[in-house]
Amino acid sequence: MSGLSAFKGRWFVVKIGGELASDRPKLAGSVGAAVRAFLDAGVRVAVIHGGGPQATELTNKLGLTPRMVAGRRVTDEATLEVVKMTLAGQVSVDVAAAFRLAGVPALCTTGVSAGLIDARKRPAKVITGAGPEPIDLGLVGDVTDVNTALFERLSEAGLVPVLGSLSGDAQGQVFNINADTVATRVAAKLRAAKLFLVSNVPGVLADKNDPSTRIPTLTPAEAQEKIASGVIQGGMIPKVEESLSMLEEGIEAIHIVGISPAHALLGEAQGAGSFGTAFLRTR
């Protein structure tokens, strides 16, 4: 646990891509083991998970056609029902089972529960990589508030809040939100020391087909240049843009990291850029 003791009492936020949830032993041995180590070092942990692959698979089984725009899912009423089933059902239970295997006391729910995360409908806006016209993503929300007091109470009770990236408003409307977006907003509100975006991708790659081209660290200016030049593209763009927008709101560092080797997340927590790509504030 070398290096983690400096973060005792502070928050780490971990975002898990939905593609990781299907292999419970692997998730337990990588992310679960790291979260257990964080807790043992006195670090508070919150976890946000997505469920994109599962939602796409169920959408296809139901005979619906997924619509994606520059890595973002367009959410109509039917798609929202699918996302509810996958995030609050299949993926939530799979993550809970994996964390239990790792000895992590996870309380798995969504941002709708008890108003943990409030949201409003996102207005149509121009999206990087989708042309010059504003795009309406449907029942997709923007985070308006995070109930940090409730996060604190759950942590004090010895629990790790694990949220699927659904949020809602006081009128009972439910919104689908990109899990990276939820994770960055939660991390900012909790003034987290670190935010980890964990997926099958080991970091930002200079060549997307070559994991050995991982870029260890990026400043905001360097990251913007990588987007403009096309090095960062597709679904990585919203991940990076959300990271950059939150760096100035109190998060020390944001890390994009994979789960291979199994100790990648724990190693990245102990040394920025050692196993993933770390976005660092420039001060």
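**Note on the predicted model: a buried lysine, aromatic pairs and two pockets**

1. The side chain of K194 makes a polar contact with the side chain of H255, at 3.3 Å. The model is a predicted one, and this separation should be read as a value computed from it. K194 belongs to strand 11, which covers residues 194-198, and because its relative accessibility is 4%, below the 20% cut-off, K194 counts as buried.

2. The surroundings of K194 can be listed further. When neighbours within four places in sequence are set aside, K194 is in contact with F7, W11, F12 and V13, and also with E252, A253, H255 and A269. Two of these residues, W11 and F12, return in the points on aromatic pairs, W11 being paired with F151 and F12 with F38.

3. The count of aromatic pairs in the model comes to 5. One of them is formed by W11 and F151, in an edge-to-face arrangement with 6.4 Å from centre to centre and 85° between the planes. Because W11 lies in strand 1 (residues 11-16) and F151 in helix 4 (residues 148-156), the pair ties together parts that are 140 residues apart in sequence. W11 is buried, with a relative accessible area of 3%, and F151 is buried as well, with a value of 0%.

4. F12 and F38 form another edge-to-face pair, with 4.9 Å between the centres and 85° between the planes. This pair links distant parts of the chain, since F12 is in strand 1 and F38 is in helix 1 (residues 24-40), 26 residues apart. F12 counts as buried at 0% relative accessibility, and F38 is likewise buried, with a relative accessible area of 0%. Both residues are members of one aromatic cluster, which is formed by F7, F12, F38 and F196.

5. Turning to the pockets, the largest has a volume of about 950 Å³. Its lining consists of 42 residues, and those that lie nearest its centre are G71, N178, D180, G235 and K239. At least two lining residues are supplied by each of helix 2, strand 4 (72-73), helix 3 (77-101), helix 5 (179-189) and helix 7 (236-246). By class, the lining of the largest pocket divides into 16 nonpolar, 17 polar and 9 charged residues.

6. The second largest pocket has a volume of about 220 Å³. It is lined by 13 residues, of which R72, R122, K125, D142 and E242 are the closest to its centre. Strand 7 (141-146), helix 5 and helix 7 each supply at least two residues of this lining, and helix 5 and helix 7 are also among the elements that supply at least two residues each to the lining of the largest pocket. The lining of the second largest pocket has 4 nonpolar, 2 polar and 7 charged residues.

7. A last point concerns helix 2, which covers residues 52-61 and includes G52. With a relative accessibility of 27%, G52 counts as partly exposed. G52 and G18 are 34 residues apart in sequence, while their C-alpha atoms are 5.8 Å apart in space. Helix 2 is also one of the elements that each supply at least two residues of the lining of the largest pocket.

Terms used:
Residues are numbered from 1 along each chain as its sequence is written. This is a predicted model: local features need pLDDT of at least 70, side-chain atom pairs count only at pLDDT 80 or more; totals for chains, interfaces and linings use all residues. Side-chain values use heavy atoms; hydrogens and water are left out. Helices (H or I, at least four residues) and strands (E, at least two) are DSSP runs, numbered from the N terminus. Buried means under 20% relative accessible area, exposed over 50%, partly exposed in between (1.4 Å probe, protein chains only). A polar contact is a pair of N or O atoms within 3.5 Å; within protein, one must be able to donate a hydrogen and the other to accept it, and residues adjacent in sequence count only if both atoms are side-chain atoms. Contact means heavy atoms within 4.5 Å. On a 1 Å grid over the protein atoms alone, a cavity is a set of points where a 1.4 Å probe fits but cannot get out, and a pocket is an open set with protein on both sides within 12 Å along at least five of seven lines; lining residues have an atom within 4 Å of a point. Grid points are joined across faces, edges and corners, and a volume is the space filled by probe spheres set on the points. Ala, Val, Leu, Ile, Met, Phe, Trp, Tyr, Cys and Pro count as nonpolar, Asp, Glu, Lys and Arg as charged, and the others, Gly among them, as polar. Rings of Phe, Tyr and Trp (its six-membered ring) pair if their centres lie within 6.5 Å; planes under 30 degrees apart count as stacked, over 60 as edge-to-face and the rest as tilted.
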